[in-house]
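Welcome, and thanks for taking a look at this one with me. Please open the structure below and keep it beside you as you read my notes.

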Amino acid sequence: MTSRYRSAGAAQDPGSLSPRRRTVVKAAAASAVLAGPLAAALPARAATGAPAFLHGVASGDPLPDGVLLWTRVTPVPEAIPGSGLGPDTEVGWVVARDKALTDVVARGSVTATAASDHTVKADVRGLAPATDYWFRFFAGGTDSPVARTRTAPAADADVPSLRFGVVSCANWEAGYFAAYRHLAARGDLDAWLHLGDYIYEYKSGEYAARGKVVRPHAPANEILTLADYRIRHAKYKTDPDLQALHLTAPVIAIWDDHEFADNAWPGGAVNHTEGAEGSWAARQAAAKQAYFEWMPVRPALAGTTYRRLRFGRLADLSLLDLRSFRSQQASTASGSVDDPDRTLTGRAQLDWLKAGLKASDTKWRLVGNSVMISPFAIGSLSADLLKPLAKLLGLPQEGIAFNTDQWDGYTDDRRELLAHLRSNAIRNTVFLTGDIHMAWANDVPVDAGTYPLSPSAATEFVVTSVTSDNLDDIVKVPEGSLSAVAAPVIKAANRHVHWVDTDRHGYGVLDITAERAQMDYYVLSDRTARDARSSWARSYRTLTGTQKVERTYDPV
C-alpha cells in the first residue's frame with residue numbers, strides 16, 4: 001500500500017505506553033472440561049499433532065514506533081481453548097517491510113502456555129512511523145497466515161488524512177460478519193475501531209436473529225467461567241470474515257457490556273444472578289482475563305481499556321472504559337440520573353479525559369465511546385413504537401425519556417464534560433459510539449431542552465450493529481419500514497439529531513482531514529446471508545470549528 005502520510009521524523013507519541021519487547025499474558029489455568037461444546041470452538045482440521053494457528057493472527061494499538069501482535073497456537077489437538085491442556089510452546093514471530101517477508105526488520109519469540117490459553121502477544125518496537133509492515137508467527141514447523149499492519153504517524157507529523165473502519169455489536173448467532181469482510185476488502189484503512197460487544201455472553205438461542213439462530217455459538221450455555229469466556233472468544237476468532245479483517249489492518253478496541261454480561265457495572269449486571277451463576281466478582285475477573293488474552297489490546301492501566309493513541313498532528317483518540325467504574329444504572333432503588341454522586345466514568349477516568357482533551361494540540365479530538373453521549377428523549381412516541389424501542393434500550397415499557405445505561409443515566413458526568421469543552425474553548429471533539437444498534441449523526445448540545453439556542457459542544461457519530469437485533473427486528477417487520485415512521489418522531493423530539501436509522505445493520509468508515517471529519521454509513525443486504533452485499537447509505541461530516549454535523553452527499 002502506498003503511504004498516505006507525510007511523516008516528519010520518528011518522534012515518540014508522548015501519550016504512548018512504556019515499551020515492552022515481549023508480552024505474554026499470564027493467567028490461572030482453566031478447568032479441563034473436554035466436552036463437545038469445547039471442541040465446537042475449533043474449526044475442523046486433521047489431528048496431525050503439529051502446531052496449528054486456527055484462530056488467525058491480529059495486530060492492534062498502533063504507535064509511531066511499534067504495534068502489538070497477537071495469535072493463538074494450538075500446539076496439540078487436545079489443547080482446546082479453555083481446556084488448560086497442552087505443552088508450553090515457543091512461538092516465533094517476524095516483521096518485514098514486504099509481504100513476502102524478505103526485508104525483515106524485527107524478529108523474536110514468545111512462549112505460549114496453558115496459563116494464557118496458548119495466546120501470545122508481541123509488543124514490537126523500533127519500527128518506522130506511518131509505515132505498512134507484514135508479519136507472521138511460526139511454531140514447530142507451522143507458519144501462520146501473513147498479515148498486514150501499520151504504525152501510527154510520528155507525533156509531530158503533518159498528516160493529510162486518516163481512515164478508520166468503525167464497528168460494534170457483532171452477535172454470532174444473529175448472522176454472518178459480512179461487515180468485516182467488506183471492510184477488509186477496502187485495503188485503505190489505517191486501522192479499525194471496535195467500539196464494544198465484540199462477543200456476546202448469552203446461552204444459545206436466547207439472543208439470535210428475530211429469535212432464530214443463524215449459526216450456533218460455543219459453548220451453548222451462558223458464559224460464566226474463565227473457560228466459558230475463552231471458548232466464546234475462540235469461537236468468534238474462527239469466523240473467516242473477522243480473521244480477514246484482522247489480517248488487513250490493526251484493530252483499536254474497547255469493551256462494552258456483553259464482553260461481560262448485559263448492562264454490566266462493577267457490582268453486577270442485568271444478565272447475572274448472584275449465587276445461582278456464581279459470584280459477579282469472579283465472573284467479571286474471568287471476562288477481563290479472557291478479553292486481554294484474546295484481544296490485541298495494550299491497557300494503559302491494568303484491567304481497563306481506557307488509553308490514548310495519537311496520529312500525528314491530525315488527531316488523537318481517547319478510548320473509554322465505561323463498565324469498570326460506573327455506578328449502578330439508575331432506578332427507584334439506585335438513585336436519580338441527576339445524582340452528582342453517581343458516575344459513568346469514575347473520577348480518575350473523567351479527570352484523565354478532561355486533561356487530555358484540554359492539553360491536546362491535534363486538529364481533531366476523537367473519543368472512542370461505547371454508549372451514546374447525546375441526549376435522547378423518547379417524547380411522544382406512540383405505544384406501538386414505544387414498546388419495542390423500550391425493549392431495545394432496556395427501559396420500562398411504560399416509557400421513560402432516557403436510556404439509563406448510556407450517558408443519559410449519568411447526567412452529572414456529561415454536564416461536567418461538556419462544560420469543560422465549552423469553558424476551555426476545546427473544539428473539534430468527535431464522539432465515536434456503538435451499542436444502540438442504530439446509526440445516528442448528532443450534535444452534542446450543552447442543553448438539549450433549548451437546542452438549537454443552546455450551543456453544541458461536540459459531535460457524535462454512532463454506528464449500527466454488525467448483526468445484533470435492531471428496532472425492526474424486534475417488531476419483526478420488513479427492514480426500513482419502521483425507521484420511516486420512527487425516525488421523524490425521534491428527530492422531532494431531539495432537535496440535535498440530524499439522522500437516525502433504526503432498522504439496518506452495517507458499519508462505518510471515518511475519514512479525517514484538517515478541514516472535516518466525515519462518517520460514511522454502509523448497510524448490509526442481509527445479515528443472515530454469508531455473501532451479503534454492502535451498499536453506501538448516507539454520509540455526515542463536521543467541519544472544523546463548527547461543533548455541528550451536516551449531511552454530505554458522497555462517500556469519501
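The numbered points below start with the whole chain and then visit a few places in turn.

1. A word of orientation first. What you see is a predicted model. The protein contains ten helices and 22 strands. Of its 556 residues, 62% count as buried. Contacts over long stretches of sequence are well represented: among those between residues at least 6 apart, 73% join residues at least 24 apart.

2. Let us begin with strand S3, which covers residues 89–96. Seven of the eight residues in S3 are buried, so the strand is mostly covered, taking buried as under 20% relative accessible area. S3 has strand S4 (residues 104–112) as an antiparallel partner, with eight bridges between them. It also pairs with strand S6 (residues 132–139), again antiparallel, through five bridges. Val-94 is a handy residue to select here: it stands opposite Arg-107 in S4 and opposite Arg-136 in S6.

3. Next, try the open sheet of seven strands, whose order is S12-S13-S14-S15-S17-S16-S18. Its pairing is mixed. As a reminder, strands of a sheet pair through backbone hydrogen bonds, either parallel or antiparallel. At the edges are strand S12 (307–311) and strand S18 (497–501), each of which pairs on one side only. From one strand to the next, the twist averages 20 degrees. For a close view of one pair, look at S12 and strand S13 (residues 315–319), which are antiparallel and share five bridges. Within that pair, Leu-309 stands opposite Leu-317 in S13.

4. Which helices accompany this sheet? Helix H6 (residues 347–359) lies across S12, S13, strand S14 (364–369) and strand S15 (429–433). Its direction is at about 15 degrees to S12. Helix H8 (residues 411–423) packs on the sheet as well, where it touches S15, strand S16 (439–445) and strand S17 (456–462). The direction of H8 makes about 120 degrees with that of S17.

5. Now for the nonpolar interior. Which residues touch the most other members of the largest nonpolar core? They are Phe-177, Tyr-180, Trp-192 and Tyr-507, in a core of 46 residues. Several elements supply at least two residues each, including helix H2 (178–186), helix H3 (226–236), helix H4 (240–248) and strand S19 (506–512). Helix H5 (280–294) is also on that list, and H5 gives the largest share, six residues. Another core lies apart from this one, with 35 residues, among them Val-159, Leu-317, Leu-366 and Val-430.

6. Tyr-180 deserves a moment of your time. Setting aside neighbours within four places in sequence, its contacts are Val-167, Ala-170, Trp-192, His-194, Asp-241, Leu-242, Leu-245 and Val-466. Trp-192, like Tyr-180, is one of the core residues that touch the most other members.

7. Is Ile-223 buried or exposed? It counts as buried because its relative accessibility is 0%, although Ile-223 is found in a loop, between strand S10 (191–194) and H3. Beyond neighbours within four places in sequence, Ile-223 is in contact with Ile-199, Tyr-200, Glu-201, Asp-228, Tyr-229, Arg-232 and Arg-283. From Ile-223 to Glu-259 there are 36 residues in sequence and 10.0 Å in space, C-alpha to C-alpha.

8. What about empty space? Rolling a probe the size of a water molecule over the atoms shows where it is left. A search of the whole structure finds three cavities of 30 Å³ or more. The largest cavity has a volume of about 60 Å³. Among the residues lining it are Ala-439, Trp-499, Arg-504, Tyr-507, Tyr-521 and Ala-537. S18, S19 and S20 are the elements that give two or more residues to this lining, and S20 gives the most, with three. Tyr-507 therefore links two of these points, as it is named both in this lining and among the best-connected members of the core, where membership requires a buried residue.

9. One last stop is the second largest pocket, which holds about 400 Å³ of space. Its lining has 20 residues, and those closest to its centre are Pro-375, Asp-408, Arg-414, Asp-447 and Ala-448. H8 gives the most to this lining, with five residues. You met H8 earlier as a helix that packs on the sheet.

Note on methods. Residues are numbered from 1 along each chain as its sequence is written. This is a predicted model: local features need pLDDT of at least 70, side-chain atom pairs count only at pLDDT 80 or more; totals for chains, interfaces and linings use all residues. Side-chain values use heavy atoms; hydrogens and water are left out. Buried means under 20% relative accessible area, exposed over 50%, partly exposed in between (1.4 Å probe, protein chains only). Helices (H or I, at least four residues) and strands (E, at least two) are DSSP runs, numbered from the N terminus. Two strands pair if DSSP finds at least two bridges between them. A nonpolar core is a set of buried Ala, Val, Leu, Ile, Met, Phe, Trp, Tyr and Cys residues joined through side-chain atoms within 4.5 Å. Contact means heavy atoms within 4.5 Å. Axes are lines fitted to C-alpha atoms, for helices over the stretch in contact, and angles run from 0 to 180 degrees between N-to-C directions. On a 1 Å grid over the protein atoms alone, a cavity is a set of points where a 1.4 Å probe fits but cannot get out, and a pocket is an open set with protein on both sides within 12 Å along at least five of seven lines; lining residues have an atom within 4 Å of a point. Grid points are joined across faces, edges and corners, and a volume is the space filled by probe spheres set on the points.
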